[in-house]
Amino acid sequence: MKSSVCTFLLSLLFLTGSALAQSNSANKVFQAGAAKSTITPKIGSSINGNMQDVTVRHVHDDIHARALVLDDGQTKLGFVVLDLCMVSRETLDKAKQRASEFTGIPVQNMMMSATHTHSAGTACGVFQSDPDPAYVDFIVERTADALIRAHENRAPAVISWGVGKEESEVFNRRWYMKPGTAMPNPFGGQDQVKMNPGVENPNMDKPAGPIDPEVPSIFLKTVDGKPIAVLANYSLHYVGGTGPGEISADYYGAFADRIGDLVLNEKTLNDPPFVGIMSNGTSGDINNINWPGKKTEALPHYEKIRSVADKVASASYSAIKNAPQQNSIKLAAKQEEIRLGVRKPTAQDIKRAEGIVAKAAGPTMQSLEEIYARETLLLRDYPDQVDLILQVFKIGDLAITAIPAEVFVEIGLELKAKSPFKPTFNIELANGYNGYLPTAKHHKLGGYETWRARSSYLEETAADKILAVLLRLLNDHKSGK
């Protein structure tokens with residue numbers, strides 16, 4: 001009798017547990033939330049993105065940390081895109097830890113990146129700009145706060161995505177030149193390609209690489225149709241054309257405003273506010289100057305930024321406005337840390353650099369030779385190897401990869417072509433800053449992006465190793481490993 005009762009109770013417990021599990025599974029609702037926090041530096045502080053330091057004189061438009069959280073009821077993914085030229089891993093690791101403490105999102109499920117605007121506060125030492133520690137602390141707090149607020153803003157949502165195209169604003173900036181053209185580098189040698197050769201330069205031969213005109217875009221709305229956010233991606237280095245000493249989010253911020261105009265109904269109160277987000281794709285060798293084109297008169301400050309933003313926002317909106325919507329979607333994240341070699345200067349390199357710096361009028365280095373001599377001495381103290389984070393986020397049938405570098409466009413195109421997920425796109429300058437990432441072929445060609453400095457120091461085979469890891473992670477996602 002006791003045995004029968006025990007069997008009955010166990011069966012009842014099993015059935016109750018199964019029913020609860022099915023109920024919990026059925027109650028899993030896809031949610032999304034977005035928010036942004038201001039990260040504008042104070043006037044009088046440093047702007048980086050130039051060979052010499054620039055001081056903030058004015059704020060044309062505030063810069064932000066723009067955050068998005070996705071939640072399928074089991075897994076949460078967090079994105080933050082910062083209006084900064086670049087940001088160090090140490091800074092982002094601190095921001096992730098702070099955000100995780102408040103949200104419970106694992107740090108490996110957070111993808112934080114910089115846009116690469118060249119008119120933002122200095123968050124990472126490069127060339128002759130160094131960050132103010134107080135500003136870095138501010139960035140940590142505000143980056144985390146943006147993600148925490150996005151998490152708090154979660155609401156039942158639908159998601160859609162599409163891939164637009166805007167070809168008129170992306171050009172490969174590395175060029176083969178005609179035989180006999182001098183292409184000196186700051187180390188006393190000659191390169192085989194030239195970055196930014198100049199409009200109507202008669203010595204130009206052909207571009208040294210392709211472009212990627214795609215504008216992949218993800219659109220989140222509440223279940224009752226209120227826009228939450230758009231996360232878009234474009235492989236364009238930056239635009240520029242800002243006022244001297246002015247803080248600006250560049251076209252990334254202008255895109256955020258313009259995509260909001262396109263998706264919002266002006267008669268509808270959007271609370272929480274809609275957040276437009278433009279991330280940088282693989283633009284290490286891409287800008288928006290048509291080098292074979294004709295010279296034109298200089299445009300007023302910010303006009304080109306607005307023009308590019310309007311075109312890219314239109315391409316993004318066209319891709320998402322009628323895209324199929326889903327309200328039940330599986331999320332997943334994979335992260336791997338890899339170790340890569342550093343191209344350290346030799347004893348001979350250091351001796352040459354010391355002689356150049358000693359002769360400089362200083363303390364500010366002026367010529368390229370002086371600037372790169374200073375970089376050589378700074379790299380002397382770098383470790384022989386560095387660890388960096390690679391990520392792949394799965395959002396249903398879409399995948400996003402992340403690389404902490406200024407990635408050459410060929411690498412992004414190869415990821416898209418070989419990925420088992422369609423679409424796939426990459427977010428560069430994510431989870432840290434490890435300089436440019438040229439392919440091994442481009443290292444042999446030379447040119448600015450390969451010149452050894454804190455802006456370019458990874459081993460020449462780094463791109464191949466990074467691609468191999470990311471493609472493996474993509475395939476693991478696809479197979480459910």
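**Figure 1. Strand E10 and its two antiparallel partners in the predicted model.** In strand E12, Met 204 is the bridge partner of Met 177. This contact belongs to the pairing of E10 with strand E12 (residues 204-207), in which three bridges join antiparallel strands. Strand E10 (residues 174-177) also pairs with strand E11 (residues 193-195), again in the antiparallel sense and over three bridges. In that second pairing, Arg 174 faces Met 195 of E11. The model shown here and in the other views is predicted, not experimental.

**Figure 2. The open sheet E18-E19-E20-E22.** Four strands form an open sheet in the order E18-E19-E20-E22, and their pairing is mixed. Strand E18 (331-341) and strand E22 (424-428) are the edge strands, each paired on one side only. From one strand to the next, the twist averages 20°. E18 runs antiparallel to strand E19 (residues 385-395), and 11 bridges join the two. Within this pairing, Glu 336 stands opposite Leu 390 of E19. In a regular strand, side chains point alternately to one face of the sheet and the other.

**Figure 3. Helix H10 on the sheet.** Helix H10 (residues 462-479) lies across three strands, namely E18, E19 and strand E20 (398-403). The helix runs at about 160° to E18. E18 is one of the edge strands of the sheet.

**Figure 4. The cavity and its lining.** A search of the whole structure returns one cavity of 30 Å³ or more. The space in the largest cavity is about 40 Å³. Such empty space is revealed by rolling a probe the size of a water molecule over the atoms. The lining consists of Asp 212, Glu 214, Pro 216, Asn 233, Ser 235, Gly 281, Thr 282, Gly 412, Lys 416 and Asn 426. Sorted by class, these are one nonpolar, six polar and three charged residues. Two elements, strand E13 (214-222) and helix H8 (409-418), each contribute at least two residues to the lining. Among the lining residues is also Asn 426, whose number falls within edge strand E22 (424-428) of the open sheet.

**Figure 5. An edge-to-face aromatic pair between distant parts of the chain.** The whole structure contains 10 aromatic pairs. In one of them, the ring centres of Phe 127 and Tyr 372 are 5.7 Å apart and the ring planes stand at 70°, so the pair is edge-to-face. Phe 127 sits in the loop between strand E7 (110-114) and helix H3 (133-152), whereas Tyr 372 belongs to helix H7 (residues 368-379). The two residues are 245 residues apart, and the pair thus links distant parts of the chain.

**Figure 6. Backbone details in three loops.** The loop between E7 and H3 contains His 116. Phi of this histidine is near 95°, a positive value in a residue other than glycine. Phe 127, of the aromatic pair, is in this loop as well. The loop between helix H6 (347-359) and H7 holds Pro 363. The peptide bond leading from Gly 362 to Pro 363 is cis, and its omega is near 5°. In the loop between H8 and E22 lies Pro 423. Lys 422 and Pro 423 are joined by a cis peptide bond with omega of about 5°. Of the two elements that flank Pro 423, H8 supplies at least two residues of the cavity lining, and E22 is an edge strand of the open sheet.

Methods:
Residues numbered from 1 in each chain as written. Predicted model: local features only at pLDDT ≥ 70, side-chain atom pairs only at ≥ 80, totals over all residues. Heavy atoms only, no water. 1 Å grid on protein atoms, 1.4 Å probe; cavity = no way out; pocket = protein on both sides within 12 Å on 5 of 7 lines; lining within 4 Å. Points joined across faces, edges and corners; volume = space filled by probe spheres on them. Nonpolar A, V, L, I, M, F, W, Y, C, P; charged D, E, K, R; others polar. Pairing = 2+ DSSP bridges. Axes fitted to C-alpha atoms, helices over the stretch in contact; angles between N-to-C directions. Contact = heavy atoms within 4.5 Å. Phe/Tyr/Trp six-rings, centres within 6.5 Å; stacked < 30°, edge-to-face > 60°.
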